[in-house]
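Me: I am new to this structure and would like a close look at one part of it. Please start from a single residue and work outward.

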Amino acid sequence: QHVGQSVFFTDANTGWIAGINYTGSLGLIYKTTDGGTNWTLQLSGSIPGFLSIRFFDANIGWVVGNDGAIYYTSNGGANWTLQPSGITGTSINDISIFNATTAWVCGDGGKISKYALPPNSPPVADNDNGSGLTEDGANGTINVLTNDTDPNGNPTAPVNGVGQFTV
């Protein structure tokens, strides 16, 4: 049995529920792509319980919860990455997204904070048709051309030309 704490839809069909398992200790995220008829578990395990989930668009989302937990996704929830919040021992209860990399959070004890992804967070690279890039450079790198973009059309390479991402 699970307890849903927050629900968010980006359109009539695509939505997420964030919550806590029945013991109140483990976080869970479910996603629907058919208006809520079916839900697929996206994230669970030894992670803090989640209290609020929000999305900037169909790909970029954030979830927050117990013990200062902040997770971020840039691919519709296929992968969630724990972000360093600097908050421990208290819950983050809600989140409001400002843009693809910045959000405001509030929590227990009157905690209100602006949170931005760390400046060196790696962008999501794809080959402009949505499929992931594979290693094509030496020593676990991916060569990225200046016209490569992430799923939102943002450049994924340095402005000075060709770049590489380590995998």
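Where does T90 lie, between which two strands? Please go on from there to the surrounding strands.

Reply: Keep in mind that this is a predicted model. T90 sits in a loop. Strand β8 (81-82) lies on one side of that loop in sequence, and β9 lies on the other.

Is T90 buried or exposed? Its relative accessibility is 19%. The cut-off for buried is under 20%, so T90 counts as buried.

Now look at what T90 touches. Leaving aside residues up to four places away in sequence, T90 is in contact with N66, D67, G68 and D108.

Take D67 from that list. D67 belongs to another loop, the one between β6 and β7 (70-73). Its backbone deserves a look. The phi angle of D67 is near 55 degrees, which is positive although the residue is not glycine. Most residues other than glycine have a negative phi. As for cover, D67 has a relative accessibility of 47%, so D67 counts as partly exposed. T90, by contrast, is buried at 19%.

Next, step back along the chain from the D67 loop to β6. This strand spans residues 61-65. Strand β6 pairs with β5, and the two run antiparallel. Five bridges hold that pairing. The link between β5 and β6 is a hairpin of five residues.

Strand β5 covers residues 50-55. It is mostly covered, with five of its six residues buried. R54 has W62 in β6 as its bridge partner. How exposed is R54? Its relative accessibility is 24%, so R54 counts as partly exposed.

R54 also has a charged partner. Side chains of opposite charge can pair when their charged atoms come close. R54 forms a salt bridge with D94. The closest N and O atoms of the pair are 3.3 Å apart. R54 belongs to strand β5 and D94 to strand β9, so the salt bridge ties together parts that are 40 residues apart in sequence. D94 has a relative accessibility of 30%, and therefore counts as partly exposed. How many salt bridges does the count give? The count comes to one.

D94 brings us to β9, the strand that follows the T90 loop. Strand β9 is part of an open sheet of three strands. The order in that sheet is β9-β10-β11, and the pairing is antiparallel. The edges are β9 (92-97) and β11 (111-116), each of which pairs on one side only. On average, neighbouring strands of this sheet are turned by 25 degrees against each other, direction ignored.

Between the edges comes β10, in the order given above. Strand β10 spans residues 102-107 and pairs with β11 in the antiparallel sense. That pairing has six bridges. Within it, G107 stands opposite K111 of β11. D108, also named above, is one of the residues that T90 touches.

Finally, set this part in the whole chain. There are 13 strands and zero helices. Read along the sequence, every element in the pattern is a β. The chain has 167 residues, and 40% of them are buried. Among contacts with a separation of 6 or more, 34% join residues 24 or more positions apart. The accessible surface comes to about 8,900 Å². Carbon and sulfur atoms account for 51% of that surface.

Conventions. Residues numbered from 1 in each chain as written. Predicted model: local features only at pLDDT ≥ 70, side-chain atom pairs only at ≥ 80, totals over all residues. Heavy atoms only, no water. Helix = DSSP H or I, 4+ residues; strand = E, 2+ residues; numbered from the N terminus. Buried < 20%, exposed > 50% of the residue type's maximum accessible area, 1.4 Å probe, protein only. Contact = heavy atoms within 4.5 Å. Areas by Shrake-Rupley, 256 points an atom, 1.4 Å probe, with all protein chains shown as cover. Pairing = 2+ DSSP bridges. Axes fitted to C-alpha atoms, helices over the stretch in contact; angles between N-to-C directions. Salt bridge = Lys/Arg side-chain N within 4 Å of Asp/Glu carboxyl O.
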